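Here's a quick look at the enclosed spaces inside this protein. Have the model open as you read.

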Amino acid sequence: MESLIIILIGFPFISALLLGIIKNDIFRQIITYISATSIIISAILFTIKYFTAQQSQMFFFSHTEGTDYCMVAIELFLTALVTVLSIKYKKYYVALLSIVQTALTLWYEFSGVAPHQQIRKIYVDHLTVIMVLIIAVVGTLITVYACGYMKDYHNHHIEFKDRRSLFFSLIYIFLGAMFGLVFSNSLLWIYFFWEITSVISFLLIGYTKTPEAIRNCFRALWMNLLGGLGFAVAIVYAGITFKIIDLQSLILCDGSIVIIPVIFLSFAALTKSAQLPFSKWLLGAMVAPTPSSALLHSATMVKAGVYLLLRLSPVLQSTNAGTMVSIVGGFTFLITSMLAITVSDGKKVLAYSTISNLGLITACAGVGVVETVWAGVFLLIFHAVSKSLLFQTVGAIENSTGSRDIESMHGLSRRHPHLAWTLVIGIAGMFLAPFGMLISKWAALKAFVDSGSIILVIFICFGSATTLFYWIKWIGTVLASKSNDGQEKNTTSANQWISIIIHSAFMIALCFVFPFISSQVIIPYIQTVFSSASQVISSDNIIIMMIMLVAIFIVPAAAWASARHTRYKKADRYINGVNAGDQMNYIDSMGEKKRFLLSNWYLGDIFGEKKLWNPSVIASTVFILAIMTISVGGAV
């Protein structure tokens, strides 16, 4: 087991080194495929060994002095890198944030105030296994997709310098850091990998070096460094006041007693998971090429934030920290769902959707009861696969059609049928039964009702309604077509199709293994955290879910088979007047011939970004500051 952990953390960094050196496309692709395959196999072997060991919790590595010093050296290098780039682009406040938190953690480690106790730095349980599989499978498949996408990207964008070697190297450093983060038990180790993800996301977002990319990447950096400063404060306070230096010891405490470190860790997680008022950095990440967007939104970065909150859920229950997390998460879920309706850029819709669903996971973690943690973990799983699939498909559509605007996707089911159906599968995974996102929302809603939180019930009800609105609009656009729409040439590379098809298969397979994952993985995890956990979904509900599962696949297949052998009379479509006979024009009430156009309703004049964004940021900022002030003041 120890060797597999070392491989999963260390091998991506070795791959990053090789990919940073190699410039040849063929060799880069070979190394990417070998690296992806090796990481996936290692993750599967790790999972098998964990479950055959029949232990719900495992600790590893207590004597790590050499590794600790290496981490300090790397941390100093990252601080120097951020400082130099911040000075270069005159973002001095970013350099200050980086220097302050690094100085704080170094003072804590080497001044003698840190507790001198030996802990095991690596911790493994069922949630660790889930995260390892998500990072290994979803994350590395994105790198396979990137082999074809980045080549097409630079063919279409010759104005940008080709820095693919750096791009692939950064992605694999990202994967290695995420493995390190989810394996770590030491708070200092978690912080170290946490900061690597912040710096690497900064470099990925600024890949094109355009003024917009520079502006957005520094916004992402300062917001995440602000969270990192909160993380550093939590480490120092927990160590000096409570002699706690590891996460597992922290979550065994009474949440009301360790409120200060918990609330600062929660603050760090809110910034990392792009919750209001920190959502802008993730929206700005859309300037980066699609593979980095898929990586940030699905398998890494933002998942680090909600992962930490799910870990902290036992000490968030019924505390001010839990109230802050749940209300901010629920508010973010509602507001960003509403904003997703008002935009037509496909990647921006996905970005708002990501922030929205992360908000729901955040709210579940904040409530911190069995049902919400169960729902939160399932939301994390389904969101990772579905959102990665959607970003990759939209990227392929953009390379094929020259646009990622939803309005330009009319007739996609005829023009690019395979991309259209993978897009539909991804969208269905986000909000339709029997896909787990919807079932998890049901469980979360029930738990919110049981908890007596009226405001959370309002957030999830109205947020789910707006979610339905923008996904239905998108599906309707893709499936609608004109009579003159014909199939166009497929320009999506084999590398992209490999990842897209595997993601689609996983999305469908998750429906069938949903009960198994619940009973064999999620419930055992919850039992170790909360001591007891009943079956969250009753047997009756499982039967209903299986009926829906059959219906969603069998009924359309039967209808399609029937249609192939049945001749239907083609009728003229009704288009706001007398059909002109060509299905594309109509005669209006004044006798004039008008062109028929399909267009969605975006409601931007009712609750667009200009109307909702600033009030939402102000409200969430005031709420967070108020809760943190009350909590810190009451604990001191």
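## The largest cavity

Glu75, Leu78, Thr79, Val82, Ser98, Gln101, Thr102, Tyr191, Glu195, Val199 and Leu225 form the lining of the largest cavity. Helix 3 (65-88), helix 4 (92-110) and helix 7 (187-205) are the elements that each put two or more residues into that lining, and helix 3 chips in the most, with 4 residues. Sorted by class, the lining has 5 nonpolar, 4 polar and 2 charged residues. The volume comes out at about 80 Å³.

## The second largest cavity

In all, the structure has 2 cavities of 30 Å³ or more. The second largest holds about 40 Å³ of space. Its lining is made up of Ala340, Val343, Val349, Ile406, Tyr470, Lys473, Trp474 and Tyr602. Helix 20 (residues 454-479) supplies the largest share, 3 residues. Here the split is 7 nonpolar, no polar and 1 charged.

## How to read this

This is a predicted model, where local features need pLDDT of at least 70, side-chain atom pairs count only at pLDDT 80 or more, and totals for chains, interfaces and linings use all residues. Numbering runs from 1 along each chain as its sequence is written, and side-chain values use heavy atoms, with hydrogens and water left out.

A cavity is a set of points on a 1 Å grid over the protein atoms alone where a 1.4 Å probe fits but cannot get out, and lining residues have an atom within 4 Å of a point. Points join across faces, edges and corners, and volume is the space filled by probe spheres set on them. Helices are DSSP runs (H or I, at least four residues), numbered from the N terminus. Ala, Val, Leu, Ile, Met, Phe, Trp, Tyr, Cys and Pro count as nonpolar, Asp, Glu, Lys and Arg as charged, and the others, Gly among them, as polar.

Conventions. 1 Å grid on protein atoms, 1.4 Å probe; cavity = no way out; pocket = protein on both sides within 12 Å on 5 of 7 lines; lining within 4 Å.
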